[in-house]
Amino acid sequence: MTTIKQFLCGATVAGLVAGTGAAVGPQAGLSTLSAEWMLAAEHVLLLGTDGTNLDKILEYASGDDSGFTMLMDRGITAATSIIGHQTMSTPSWSTILTGVWDDKHGVVSNIYRPEPYTTWPSVFNLIEYHKPEIDTTVISGRGLFTEMASTGGYPADHIVGISGGSTSAEMDALVTDETVARILATANNPDLSTFMFAYQSQVDHAGHSFGGGSQEYAQAVINVGANFKQILEAVAQAEAATGDRWTIIAVTDHGHQQNPDLPGFSLGHGFQSPNETSSFIMFSLAGNEAQAGAQNLAYRTVDITPTILQVFGIPMRSDFDGVPMQTHPELLNSVVFPVDLKQSLTEAIDSFGYPNIGTEIMLGLRALAGGAGYMLQSYVLNPIDNYLQSIINQDIFLISGLAEGAQWALRTVGGVAVDVVAELGRAVGYLTGAGVIAPNDAPLPLPGGAEFTGSLEALLADHAVVAPALADSDLPLLDVDTLLG
């Protein structure tokens, strides 16, 4: 099925492809691509798995029963690194979902603030502003993503916070079930384009509790691979039912310390060791079967948001740090077809090192200062608050009343203390380079304050589209994820 939207996108890319035309390295060329992938891309699925080292995927979850393998066979895989940037969850996911690095978005801790995402809109806001007709969904047990998807005046259409499950593995299973159901439901409305983001947390939790070199961590990687397999099978079922095609991207925010000599111990992540800065991208572009099973040598996590926007024909911000993976010449020229993909990816991972000592010290200070407010909140105030709440719930004469008063004082004074410490952390972050670059583009206007730029006329103006003839188009050990994650 080819909608008008897709025809316009395809027309744009047809001109781009025709105008570039150069060979893409010794094993893959732009000439092997065509505009047909744009005509095929009607749905985009972004799969996030927290704190997941690619080397552990290759070691434990690269068999036929793993969704990781299915994605590697279906698309292009990159071993990448976020060296020189914070290896904490909220800053790293903010980069993935805004298309800019931390020197722009300025996020330095896990204490959520909406301001960065009004200054630097998330992919959810950008899709909803430019093309509100696209059905957007976020499925997560972590509040960061449901908060982010609600921020900025243009929230996602469906924000599904998963609260069930007594463990992170159980919560991930619930996320998987919900994701599968929503993918299959797209068959009921084949004329509606969709963007879905689904988040898995258990690998990161296992890394903080047991260490990145533990068997528990390995099992969590296996579990997520099995969850991804269910999701990909649902995609295949939906594709078969409708004829629509799905673009699928899997990504992790950072890696984990592995401590092979102390597999039950881990500070987790937040610093600049190669295991912590390690990341990966698996990119299956609808209609690009010619590059299935390939490796890319240049993908970066900051490229995710521009890639998603490109699929939907949404204009790029002028101040993105990332670029679309499917059209940028440098990235196209970095596609290779190794004889042994697993070995080649392992060699790429082994090549990762440390930044210069100045950068390492700077980012270490930023991580410690940025994480202090969250540490105070999570490891001091919240446990005391929970203890006082348990006394209140018992309704003990006089004692429960006293506990209630103490809880009020704790929340009042403690809240102020957290705010002060967090503000100091942001100041240290700024002094070390976080959030020092202002945007070039104006903020998205308030809803109702301006016409959507996603109209047909604006799309034509933004892209200067000339439609070609179709015949010409071819985290108790110290949970540093909570502290730093």
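In this predicted model, helices α8 and α14 run roughly parallel to each other, because their axes cross at roughly 20 degrees, below the 35 degrees that sets the limit for that label. Helix α8 covers residues 123–130 and helix α14 covers residues 304–311, and their axes come within 10 Å. As for handedness, α8 passes α14 in a right-handed crossing. On the α8 side the contact is made by V123, L126 and I127, which meet T305, I308 and L309 of α14. Sorted by class, the residues of this contact come out as 5 nonpolar and 1 polar, with no charged residue among them.

A second helix pair can be described in the same terms. Helix α10 (residues 168–185) and helix α12 (residues 215–242) have axes that come within 9 Å and cross at roughly 5 degrees, so α10 also counts as roughly parallel to α12. From α10, the contact takes in A169, D172, A173, T176, D177, T179, V180, I183 and L184. Facing them in α12 are N223, V224, N227, Q230, I231, A234, V235, Q237 and A238. By class, the contact of α10 with α12 splits into 10 nonpolar, 6 polar and 2 charged residues.

Now to the aromatic side chains. A pair of aromatic rings is described by the distance of the centres and the angle of the planes. The model holds 12 aromatic pairs. One of them joins W93 and F145, whose ring centres lie 5.4 Å apart with 85 degrees between the planes, which makes the pair edge-to-face. W93 sits in helix α5 (residues 89–98) and F145 in helix α9 (residues 143–150), so this pair ties together parts that are 52 residues apart in sequence. Both W93 and F145 are buried.

W93 also pairs with F197, again edge-to-face, at 6.1 Å centre to centre and 65 degrees between the planes. Here the link runs from helix α5 to strand β5 (residues 194–200), which holds F197, and the two residues are 104 apart along the chain. With a relative accessibility of 0%, W93 counts as buried, and F197 is buried too, its relative accessible area being 0%. W93, F145 and F197 belong to one aromatic cluster that also takes in F124, F195 and Y199. F124 brings helix α8 back into the picture, since α8 spans residues 123–130.

Helix α11 (residues 202–210) has a run of buried positions: Q202, V203, D204, A206, G207 and H208. Just after α11 comes G211, with a positive phi near 105 degrees.

Backbone angles also pick out the loop between α17 (357–393) and α18 (399–431), where D395 is found. Most residues other than glycine have a negative phi. D395, however, has a positive phi, near 50 degrees. L398 lies in the loop between α17 and α18 as well, and its phi is likewise positive, near 70 degrees. As for solvent, D395 is exposed, with a relative accessible area of 66%. L398 is exposed too, at 55%.

Terms used
Residues are numbered from 1 along each chain as its sequence is written. This is a predicted model: local features need pLDDT of at least 70, side-chain atom pairs count only at pLDDT 80 or more; totals for chains, interfaces and linings use all residues. Side-chain values use heavy atoms; hydrogens and water are left out. Rings of Phe, Tyr and Trp (its six-membered ring) pair if their centres lie within 6.5 Å; planes under 30 degrees apart count as stacked, over 60 as edge-to-face and the rest as tilted. Helices (H or I, at least four residues) and strands (E, at least two) are DSSP runs, numbered from the N terminus. Buried means under 20% relative accessible area, exposed over 50%, partly exposed in between (1.4 Å probe, protein chains only). Axes are lines fitted to C-alpha atoms, for helices over the stretch in contact, and angles run from 0 to 180 degrees between N-to-C directions. A crossing is left-handed if the near helix is turned anticlockwise from the far one by less than a right angle, and right-handed if clockwise. Contact means heavy atoms within 4.5 Å. Ala, Val, Leu, Ile, Met, Phe, Trp, Tyr, Cys and Pro count as nonpolar, Asp, Glu, Lys and Arg as charged, and the others, Gly among them, as polar. Angles under 35 degrees count as roughly parallel, over 145 as roughly antiparallel, 65 to 115 as roughly perpendicular and the rest as oblique.
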